[in-house]
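Take a look at the model below before reading on. The paragraphs that follow start from the surface and then turn to the overall fold and the charged side chains.

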Amino acid sequence: EVVWVGRLSMLICMNIKDDTTGAPIMQAGFTFVARDPETGKATPINPLHPQTEDERRAFEEAQQSDLERKKARKAQKLAAETGIQTELEKAREAEIAGLL
């Protein structure tokens with residue numbers, strides 16, 4: 001199901017349940033970017049209007065995740081431009097060093 005739509009992209013989530021018990025087995029999210037067939041560039045898409053409380057909750061969670069992802073990407077870009085390591089990058093390097 002489509003759970004979130006931004007200006008140029010959408011998040012589609014898939015949930016798989018066990019046929020016999022109904023227990024959740026797997027959840028996956030796929031991000032699709034709308035492309036203009038002539039130019040190949042990203043193109044705006046229609047907004048999503050969640051109807052139920054569950055749809056609104058899923059939409060808000062995905063919206064928050066998108067904002068956090070954009071904030072992290074902006075911080076990484078700034079860090080690369082200024083040569084400053086982010087805390088996440090430091091933690092990753094420490095984890096890798098621990099594996100060697």
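Which elements each supply at least two residues of the nonpolar patch? They are β2, covering residues 9-17, and β3, covering residues 24-33. The model is a predicted one, and the patch in question is a nonpolar stretch of surface of about 550 Å². Its members are Met14, Ile16, Ile25, Met26, Phe30 and Phe32. Of the contributing elements, β3 gives the most, with 4 residues. One residue of the patch, Phe30, can serve as an example: Phe30 sits in strand β3 and has a relative accessible area of 39%. That value makes Phe30 partly exposed, because the partly exposed class lies between the limits of 20% and 50%. Phe30 also passes the requirement for patch membership, since a patch takes residues with over 30% relative accessible area.

The strands belong to a protein chain with 2 helices and 3 strands. Read from the N terminus, the order of elements is β-β-β-α-α. The C-alpha trace spans about 45 × 45 × 25 Å along its principal axes. How does the radius of gyration of the protein chain stand against that of a compact globule of 100 residues? The globule would have a value near 13 Å, whereas the protein chain has 18 Å. Burial and contacts add to this description. Of the 100 residues in the protein chain, 14% are buried. Among contacts with a separation of 6 or more, 34% join residues that are 24 or more positions apart. The exposed area of the protein chain comes to about 8,300 Å², and 56% of that area is supplied by carbon and sulfur atoms.

Charged side chains come next. The structure holds 5 salt bridges, and several of them can be followed in helix α1, which runs over residues 53-82. Asp66 is found in this helix. Is Asp66 buried or exposed? Asp66 has a relative accessible area of 6%, so it counts as buried, the limit for that class being under 20%.

Asp66 takes part in a salt bridge with Arg69, with 2.3 Å from N to O. The side chains of Asp66 and Arg69 are also listed as making a polar contact, at 2.3 Å. Arg69 and Asp66 are separated by about one helical turn because they are 3 residues apart in helix α1. Another salt bridge joins the side chains of Lys70 and Asp66, here at 3.1 Å from N to O. Lys70 and Asp66 are 4 residues apart in helix α1, which is about one turn of the helix. The basic residues of these bridges are partly exposed: Arg69 has a relative accessible area of 42%, and Lys70 has 41%. Buried Asp66 is thus paired with partly exposed Arg69 and partly exposed Lys70.

Helix α1 also holds the pair Glu61 and Arg57. Their side chains meet in a salt bridge at 3.6 Å, N to O. What separates Glu61 and Arg57 along the helix? They are 4 residues apart, so the separation is about one helical turn. Arg57 counts as partly exposed, since its relative accessibility is 42%. Arg57 and Glu61 are linked with Asp54 in a network of salt bridges.

Methods
Residues are numbered from 1 along each chain as its sequence is written. This is a predicted model: local features need pLDDT of at least 70, side-chain atom pairs count only at pLDDT 80 or more; totals for chains, interfaces and linings use all residues. Side-chain values use heavy atoms; hydrogens and water are left out. Patches are made of residues with over 30% relative accessible area and no salt bridge: like charges are joined within 9 Å, nonpolar side chains (Val, Leu, Ile, Met, Phe, Trp, Tyr) within 5 Å. Accessible areas come from the Shrake-Rupley method with a 1.4 Å probe; for residues, only the protein chains shown count as cover. A salt bridge is a side-chain nitrogen of Lys or Arg within 4 Å of a carboxyl oxygen of Asp or Glu. Buried means under 20% relative accessible area, exposed over 50%, partly exposed in between (1.4 Å probe, protein chains only). A polar contact is a pair of N or O atoms within 3.5 Å; within protein, one must be able to donate a hydrogen and the other to accept it, and residues adjacent in sequence count only if both atoms are side-chain atoms. The radius of gyration is taken over C-alpha atoms; the globule rule is 2.2 Å times the number of residues to the power 0.38. Contact means heavy atoms within 4.5 Å.
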